[in-house]
Amino acid sequence: MSKKGAPISSVPFISSDSLRGGGVPDEVTFRKEVAAQLAALPDFDHSKRQLIALDVDGTLLDGYGQATDRMYASMAKLSELEVDVVVSTGRSVYATLPVISLFGLRSGWMVCSNGAVVCTFETDADGNVNYQVCYVKTFDPAPVIDTILRVIPDALIAVEDGDDGFRVSAEFPQGELAETRSVQPIDQLRATPVTRVVVRHLEMSVPQFSAAVEKAGLHAVEYAVGWTAWMDVAPLGVTKATGLDYVCQQLGSSAQQALALGDGSNDLEMLEWARHGVAMGHSPASLLEVAQTSTQGVESDGAPAVLDAFILWREGMDK
């Protein structure tokens, strides 16, 4: 996809009301509706330091890891405002850096590994993204690995070592874990604290995998099942929301000044945390239920529609 901005197209967008049975507004109406929602929030104040938390896969990027011209254009416009744009993702630090480069973000914060790793970053004159890890939360992976393997003995296991990549029980399908460091025996994977455990099964359907995970009865951890037979397991109490809360503490801001967009079960706490949470149209029902607004799917430029609504609100409702 080209990075050059494209004119805004006339495609339908979905508000939370329309997803619950109402009509589907056109784009101009949708932008005005969302801008009006933001304007109606008494404690959402553009004179204060505001933050926009953005999920990556399924929100900014499609299933092929690509962004549309419209997405590039909206991110470019957003960068002109005095607002903190925070990429908040389940990706590792290594896998998040290309996203920072892709959208030309110059400096700021990124919440990685579903909140277990938080970094600052700065892009130098040559386009290299340099980062510093500011916050890391680890946990003992052994109980999780043991519990899962009792129920799914042929599961693939990966453990993440902060910003240092993954160690795996066996090779994952190509493209799923670009940051793999080494294949190791299970005993080595369970031996030291990690920031995340990934569980993957190549043959189970999502319902089968979810049922097996529920049967396992994981305790004292946070976990989220993805769009395939894949599960991320994080330290108890660690989510994207806790990572973002840490960022707000450093910036002197708060959740009351935050707008968040996401599409997956690992975005639920983030959308609940933010003053205004927006779910992509293809999100699971659990996410749509907690969102204040819902937009169209990633293929139909749902995220840039919301960002443009935020920009409209910032610039004034008469524009």
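This note goes through the nonpolar cores, one buried strand residue and the salt bridges of a predicted model.

1. The nonpolar interior is a good place to begin. The largest nonpolar core has 48 residues, and those with the most contacts inside it are Ile52, Leu78, Phe103, Leu261 and Phe310. Helix H11, which covers residues 302–315, gives the most to this core, contributing nine residues. A second, separate core is made up of 23 residues, among them Val247, Ala279, Leu287 and Ala291. As a general remark, nonpolar side chains tend to be buried together in soluble globular proteins.

2. Phe103 can be looked at through its partners. When its neighbours within four places in sequence are left aside, Phe103 is in contact with Leu60, Leu61, Ala67, Met71, Tyr72 and Met75.

3. Val197 belongs to strand S9, residues 196–200, and has a relative accessible area of 0%, so this residue counts as buried. Not counting residues up to four places away in sequence, Val197 touches Phe139, Pro141, Val144, Ile145, Ile157, Ala158, Val159, Met231, Asp232 and Val233. For one of these partners, Met231, the C-alpha atom is separated from that of Val197 by 8.2 Å, although the two residues are 34 residues apart along the chain.

4. The count of salt bridges comes to 14, and Lys240 takes part in a bridge with Asp55, where the closest N and O atoms are 3.0 Å apart. Because Lys240 lies in helix H8 (residues 240–251) and Asp55 in the loop between strand S1 (51–54) and helix H3 (69–79), the pair ties together parts that are 185 residues apart in sequence. Lys240 is buried, with a relative accessible area of 0%, and Asp55 also counts as buried, at 4% relative accessibility.

5. Lys240 also forms a salt bridge with Asp267, the closest N and O atoms being 2.5 Å apart. Asp267 is placed in the loop between strand S12 (258–262) and helix H9 (268–273), so its pairing with Lys240 of helix H8 ties together parts that are 27 residues apart in sequence. Both Asp267 and Lys240 are buried.

6. A further salt bridge joins the side chains of Asp146 and Arg190, at 2.6 Å from N to O. This pair links distant parts of the chain, with Asp146 in helix H5 (residues 142–151) and Arg190 in the loop between helix H6 (186–189) and S9, 44 residues apart. Asp146 counts as partly exposed at 26% relative accessibility, and Arg190 is likewise partly exposed at 26%.

7. Finally, a network of salt bridges links Glu27, Arg31, Arg70, Lys77 and Asp308.

Note on methods:
Residues numbered from 1 in each chain as written. Predicted model: local features only at pLDDT ≥ 70, side-chain atom pairs only at ≥ 80, totals over all residues. Heavy atoms only, no water. Core = buried A, V, L, I, M, F, W, Y, C linked by side-chain atoms within 4.5 Å. Buried < 20%, exposed > 50% of the residue type's maximum accessible area, 1.4 Å probe, protein only. Helix = DSSP H or I, 4+ residues; strand = E, 2+ residues; numbered from the N terminus. Contact = heavy atoms within 4.5 Å. Salt bridge = Lys/Arg side-chain N within 4 Å of Asp/Glu carboxyl O.
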